[in-house]
Amino acid sequence: MKDEILKLLKENNEFVSGQDISDSLNVSRTAIWKYINQLREEGYLIDSVTRKGYKLIYTPDILTYGEIAEYLETDYIGKKIVHFNSIDSTNIKAKKLAAEGAKEGTVVIAEEQTMGRGRLGRGWVSPKGKGIWMSIILRPNIDPIDASKVTQIGAAAVWSALSKVGVDAYVKWPNDIVLNGKKVCGILTEMSAELNRINYLVIGIGVNVNINSQEFPNEINNIATSIKAEVGHDVDRKFITAEILNNFERFYNELIKYGSIKTSIEICRKASILLGREIKIITNQGERKVKAIDITDQGELLIEENGKIEKLISGEISVRGIYGYV
Ligand code: BT5
């Protein structure tokens with residue numbers, strides 16, 4: 001109901017009377033007052049004048065359903081958004097909600113993460129209001145071994161959303177999006193599974209949108225960037241968030257309906273920063289210098305080492321350029 005009241009206020013640039021809201025949404029005047037106050041707590045400025053009603057004066061830059069809905073074209077991804085001002089990690093929260101039975105397509109979004117997570121126990125810097133920190137809950141009926149395909153879908157969805165706003169990025173297999181040689185987005189896919197069945201899968205997506213370059217901690221300043229740092233101005237987080245979800249649903253449906261991730265792989269191939277180059281592969285067994293040849297239709301990286309071709313699945317692999325991050 002809160003979102004519907006917000007929508008009504010947004011559609012009218014003028015005062016809307018409590019009676020009109022009450023009539024069109026079938027809600028009591030006291031309830032309207034309660035929702036208006038909730039919106040004010042979220043940062044909306046709403047004028048209220050006796051006998052005139054309510055008028056929306058200012059809309060905050062937050063990634064709630066009410067703010068994203070106008071750009072959202074999905075059937076089920078992001079139709080429910082659980083929004084937090086601050087949370088430890090959206091992936092942790094999404095896993096909890098999934099374990100409690102949350103529906104496929106539920107999305108957890110936070111303005112700030114205090115314990116944002118990368119792969120292998122690493123951290124993810126997530127300052128307040130400056131990025132997109134979100135996790136999508138999925139329940140695909142696929143073999144657990146195929147779970148990493150969802151990371152490729154996520155990468156393709158983010159790349160396409162950035163491309164739509166004129167940002168020319170690269171995909172760095174398996175889980176990064178790169179802008180001008182630095183990491184602008186990372187993806188963390190986690191799952192709960194049995195031997196041959198996935199209970200749920202959570203794909204966490206972190207995009208640095210409006211972080212100023214001097215705001216990154218020193219340790220990552222030379223490998224991390226944001227869209228703002230590269231294009232020189234603030235960028236609309238709401239539209240990009242919705243676009244990522246729109247693309248994600250389209251590409252994910254292909255996996256669910258046809259068992260294929262062809263569209264995503266075409267994008268990850270076309271936009272790959274690795275293919276044709278010498279790279280370093282880092283696993284817990286050590287480092288190897290190899291050549292990146294291709295990405296297979298299943299989402300594996302095809303590499304060549306001393307004339308021998310090998311397929312890598314994303315799992316626990318990190319990839320670096322020979323001289324640095326890429
Ligand atoms: C990743 O791990 O790239 C996965 C990042 C996933 C973040 C999202 S945000 C929403 C959801 N909730 C979470 O808690 N996580 C997900 P990995 O490939 O392991 O890269 C991690 C490394 O990237 C760190 O060790 C740093 O070197 C670097 N890093 C940390 N924060 C960064 C940032 N904001 N931008 C760029 N690089 C960063």
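The legends below accompany close-up views of a predicted model.

**View 1. The seven-stranded open sheet has mixed pairing.** Its strands follow the order E3-E4-E5-E9-E8-E7-E6. Strand E3 (81-84) and E6 form the edges, each pairing on one side only. From one strand to the next, the twist averages 20°. Helix H8 packs on this sheet, where it touches strand E4 (107-110), strand E5 (131-138) and strand E9 (197-208). The direction of H8 makes about 25° with that of E5. At the E6 edge, three bridges join E6 to strand E7 (residues 176-179), and the two strands run antiparallel. Within this part of the sheet, Lys172 stands opposite Asp176 in E7.

**View 2. An open sheet of five strands shows antiparallel pairing.** The strand order is E13-E12-E11-E10-E14. Strand E13 (308-312) and strand E14 (318-321) are the edge strands, and each of them pairs on one side only. The twist in this sheet averages 45° from one strand to the next. Strand E10 (residues 278-283) is joined to E14 by four bridges, with the two strands running antiparallel. Ile282 stands opposite Ser318 of E14.

**View 3. Strands E12 and E13 form a hairpin.** Five bridges connect strand E12 (residues 301-305) with E13, and the two run antiparallel. The bridge partner of Glu305 is Lys308 in E13. Two residues lie between the strands of the hairpin. Asn306, in the turn, has a positive phi of about 50°.

**View 4. Helix H1 (residues 2-11) has buried residues along one face.** Ile5, Leu6, Leu8 and Leu9 are buried in this helix. Seen down the axis of H1, these buried residues fall within an arc of 160°, so they line one face. They pack against helix H2 (18-25), H3, strand E1 (45-49), E2 and helix H4 (65-68). The face turned away from the buried side carries Lys7 and Glu11, both exposed. In general, an α-helix has 3.6 residues a turn, so residues three or four places apart point the same way.

**View 5. The buried residues of helix H9 (residues 262-270) are Ser264, Ile265, Ile267 and Cys268.** Viewed along the axis of H9, the buried residues fall within an arc of 160°, so they line one face of the helix. The elements that cover these buried residues include helix H6 (149-164), strand E6 (170-172), H8 and strand E11 (286-295). Of these covering elements, E6 is an edge strand of the seven-stranded sheet, and H8 packs on that sheet. E11 is a member of the five-stranded sheet.

**View 6. Trp33 and Tyr54 form a tilted aromatic pair.** Three aromatic pairs are found in a search of the whole structure. The ring centres of Trp33 and Tyr54 lie 6.5 Å apart and the planes stand at 35°, so this pair is tilted. Trp33 belongs to helix H3 (residues 29-42) and Tyr54 to strand E2 (residues 53-58), so the contact between the rings ties together parts that are 21 residues apart in sequence. Trp33 is partly exposed, with a relative accessible area of 40%, whereas Tyr54 is buried, with a relative accessible area of 10%. Both H3 and E2 are also among the elements against which the buried residues of H1 pack.

**View 7. Phe248 and Tyr252 form a stacked aromatic pair.** Their ring centres are 5.7 Å apart and their planes are at 20°, so the pair is stacked. Both residues lie in helix H8 (residues 237-258), four residues apart, about one turn of the helix. Phe248 and Tyr252 are both buried.

**View 8. The charged end of Lys34 sits over the ring of Tyr35.** It lies 5.0 Å from the centre of that ring.

**View 9. Lys96 is located in helix H5 (residues 90-99).** This lysine is partly exposed, with a relative accessible area of 46%. Lys96 and Glu230 are 134 residues apart along the chain, and their C-alpha atoms are separated by 36 Å.

Terms used:
Residues are numbered from 1 along each chain as its sequence is written. This is a predicted model: local features need pLDDT of at least 70, side-chain atom pairs count only at pLDDT 80 or more; totals for chains, interfaces and linings use all residues. Side-chain values use heavy atoms; hydrogens and water are left out. Two strands pair if DSSP finds at least two bridges between them. Axes are lines fitted to C-alpha atoms, for helices over the stretch in contact, and angles run from 0 to 180 degrees between N-to-C directions. Rings of Phe, Tyr and Trp (its six-membered ring) pair if their centres lie within 6.5 Å; planes under 30 degrees apart count as stacked, over 60 as edge-to-face and the rest as tilted. Buried means under 20% relative accessible area, exposed over 50%, partly exposed in between (1.4 Å probe, protein chains only). A charge sits over a ring if NZ of Lys or CZ of Arg is within 6 Å of the ring centre and within 35 degrees of the ring normal. The arc is that of the directions from the helix axis to the C-beta atoms. Contact means heavy atoms within 4.5 Å.
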